[in-house]
Amino acid sequence: MSELEKNTPEVQGENTAVEQKAAETSEKSSAPMLEVRELSIQFGGLRAVDGLNLKIKKHQLYGLIGPNGAGKTTVFNMLTGVYKPTSGAIFLDGVNITGKSPVEINKSGIARTFQNIRLFKEMSVLDNVKVGMQNSTKYTTIEGILRLPRYFKEEKLMTERAIELLKVFELDGEKDALSANLPYGKQRKLEIARALATNPKLLLLDEPAAGMNPNETEELMNTIRFVRDKFDMTILLIEHDMKLVSGICEELTVLNFGQELAQGETSAVLNDPKVITAYLGD
Amino acid sequence: MSFISNLLNGISLGSIYALIALGYTMVYGIAKMLNFAHGDIIMVGGYAAFITMAANWCPLWLSMVITVAVCTVLGVVIEKVAYRPLRSSPPLAVLITAIGVSYLLQNIALLTQTANPKTFTSIAAGAPPFLQVFSGKGAVFFKANPYQDEGLKPVLTVSMETFLAIVVSVIIMIALTLFINKTKAGRAMMACSEDRGAAQLMGINVNATISLTFAIGSALAAVAAVLMCSAYPQISPYTGSMPGIKAFVAAVFGGIGSIPGAMIGGVLLGVIEILSKFYISSQLSDAIVFMVLIVMLIVRPTGIMGKKISEKV
């Protein structure tokens, strides 16, 4: 089986070339929301991610799993522009976003949450969401200093939208609380709300269930499904919690030592002996 | 009465320190660096005001606008040229660069303006004092002494400069607080000061936010320059260095990185300086100011408004 693995990259290379042409000729709507081609990154002598291919369709709930150190968060960091990939390409909705800055990538429609929650702790719940709305608010700094009419209009609109978003996550009651004072589960929800405030096409969730008990995880699964349906969102998530993965992900890619170990429908992938070996050992 | 007079002078001087300290603390909070050239931006502002006010074609309001514009542009350019290329280098490199920029500005001033101190004309020159109190007659506002003929002297005089420094500083501090807390640019600044990486991933342009911080800090320094040179009407290439250091002390005293901390620290420091000048020793007043800082750092290293940092093991 390992020999078969070694042979696949070449085959895949040909495949992507064919698919590339197909993607170019076909209409934009049929192109996947996110397409990653032969993505690699090298840190010194370590190839942290090696030749990763991903195709995520619009409205899909896609999981990226793998043992510790497999390179999952590195993939997220490349997708959001924190790391520049050594080689390979990333397409969002048919547009090449490889090597762009995090700000540009956020503007073109990718938002994320973090493995270890990174809310703005000293800001209120409402302000955290409003930070996400920066780029969709149209008033200049001068208008803000002089408090011209457009400042009030835009700020009011922003607050209304932010509260609407908080209501979805049942956080509107705590909108004036400092985000650091929220209980853990709610902080996770607020991070998702803040990411959604940037108006993304694709939402990346980095271990959303980390540190949650089974009840909270159950609730989180409902939230993720709800977000997908309510906002017509495409979601890519990294997760260790197999209950969550098997419960909501439609397709999976398994990473091991930076390389794709398996890819396909969730149930098939989870029963793949290679995957079981990677997780549990021989 | 002399105590009240000293207290008001202290608050006035302290308000000027607070304006300068705000520049230090905002830059520290958002760009995570100590801009030791901040004091010299005050000096440049002082000269800009001095030169434009001496020119015949330039009305007072225009020379104020020019002063603020010169300092704002200078602050942004310094950040872009000297500090931005060092954004990811160790803090010590940036600190040394800031000291270098400080000497550069001082020496440019020495070359072009010579070392001789020049007499600055107060922006309130010729205006009557803000307040005079006469025993038995009550208070007189905004008027020359009406009891001159009777030979009566005021027991308490508050000069126009003192009054202006307090009022202008209070207005600016309120405006700044509103700006930081209620506008999107202010929120971007707070977000950058907490977590630059996360802010970037939420679509906030960190470079623009840091430039804005330098612009605001330098504009405040320009205002402080005009107020200070009016109250202590002299300007030389070294005018900015002592107030710069004292404002830095004020920022640390209030808790560096904290905006209300800089305001409180600045005012407290001004009051301590003037009171110790009057009641203890005019020669020792600076020593007392720095001693207060040392005591503060021993008792509460994070300053008045600073948060306690608990280190995780």
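In the predicted model, the two domains of chain A meet through 13 residues of domain 1 and eleven residues of domain 2, which are in contact with one another. On the side of domain 1 of chain A that touches domain 2 of chain A, at least two residues each are supplied by α3 (102-108) and α8 (214-230) of chain A, and the largest share, five residues, comes from α8(A). When the residues on this side of domain 1 of chain A are sorted by class, seven are nonpolar, three are polar and three are charged. Domain 1 of chain A is assembled from two stretches of the chain, 28-109 and 200-282, whereas domain 2 of chain A covers residues 121-199. The centres of the two domains of chain A, taken over C-alpha atoms, are separated by 27 Å.

Chain A also contains an open sheet of four strands, arranged in the order β2-β1-β4-β5 and paired in the antiparallel sense. Because β2 (46-56) and β5 (95-96) of chain A each have a single partner strand, they stand at the edges of the sheet, and one side of each is left without a neighbour there. The pairing of strand β1 (residues 34-43) of chain A with β2(A) is antiparallel and extends over seven bridges; one residue that can be followed across this pair is A:L34, whose bridge partner in β2(A) is A:I56. Helix α2 (residues 72-79) of chain A lies across β1, β2 and β4 (87-92) of chain A, and the helix runs at about 70 degrees to β2(A).

A further antiparallel pair in chain A is formed by strand β9 (residues 251-256) and strand β10 (residues 259-265), which are joined by six bridges. Within this pair, A:V254 has A:A262 of β10(A) as its bridge partner. The two strands β9(A) and β10(A) form a hairpin with two residues between the strands, and in this hairpin A:F257 takes a positive phi near 50 degrees.

The contact between the chains involves 18 residues of chain B and 24 residues of chain A. On the chain B side, the elements that give two or more residues are α6 (184-194) and α7 (196-201) of chain B, and α6(B) gives the most, with seven residues. The side of chain B that touches chain A comprises ten nonpolar, four polar and four charged residues.

Helix α6(B) also packs within its own chain, where its axis and that of helix α8 (residues 206-231) of chain B come within 10 Å and cross at roughly 105 degrees. The two helices α6(B) and α8(B) are therefore roughly perpendicular. On the α6(B) side the contact is made by B:A185, B:A188, B:M189 and B:C192, and on the α8(B) side by B:V206, B:T209, B:L212 and B:T213. Of the residues in the contact of α6(B) with α8(B), six are nonpolar, two are polar and none is charged.

A second helix pair in chain B consists of helix α9 (residues 241-254) and helix α11 (residues 285-299), which pack at an angle of about 25 degrees with their axes 10 Å apart. At this angle α9(B) and α11(B) are therefore roughly parallel to each other, and their crossing is left-handed. In this contact, B:K246, B:V249, B:V252 and B:F253 of α9(B) meet B:V289, B:F290, B:L293 and B:M296 of α11(B). By class, the contact of α9(B) with α11(B) has seven nonpolar residues, no polar residues and one charged residue.

Chain B contains an open sheet as well, in which three strands follow the order β3-β2-β4 with antiparallel pairing. The edge strands of this sheet are β3 (138-141) and β4 (156-158) of chain B, each of which pairs on one side only, and the twist from one strand to the next averages 15 degrees. Strand β2 (residues 131-134) of chain B is paired with β3(B) in the antiparallel sense over four bridges, and within this pair the bridge partner of B:V133 in β3(B) is B:A139.

Key:
Residues numbered from 1 in each chain as written. Chains lettered and ligands numbered in written order. Predicted model: local features only at pLDDT ≥ 70, side-chain atom pairs only at ≥ 80, totals over all residues. Contact = placed C-beta atoms within 7 Å. Nonpolar A, V, L, I, M, F, W, Y, C, P; charged D, E, K, R; others polar. Axes fitted to C-alpha atoms, helices over the stretch in contact; angles between N-to-C directions. Parallel < 35°, antiparallel > 145°, perpendicular 65-115°, else oblique. Domains from an automatic or database assignment. Pairing = 2+ DSSP bridges. Left-handed = near helix turned anticlockwise from the far one by under 90°.
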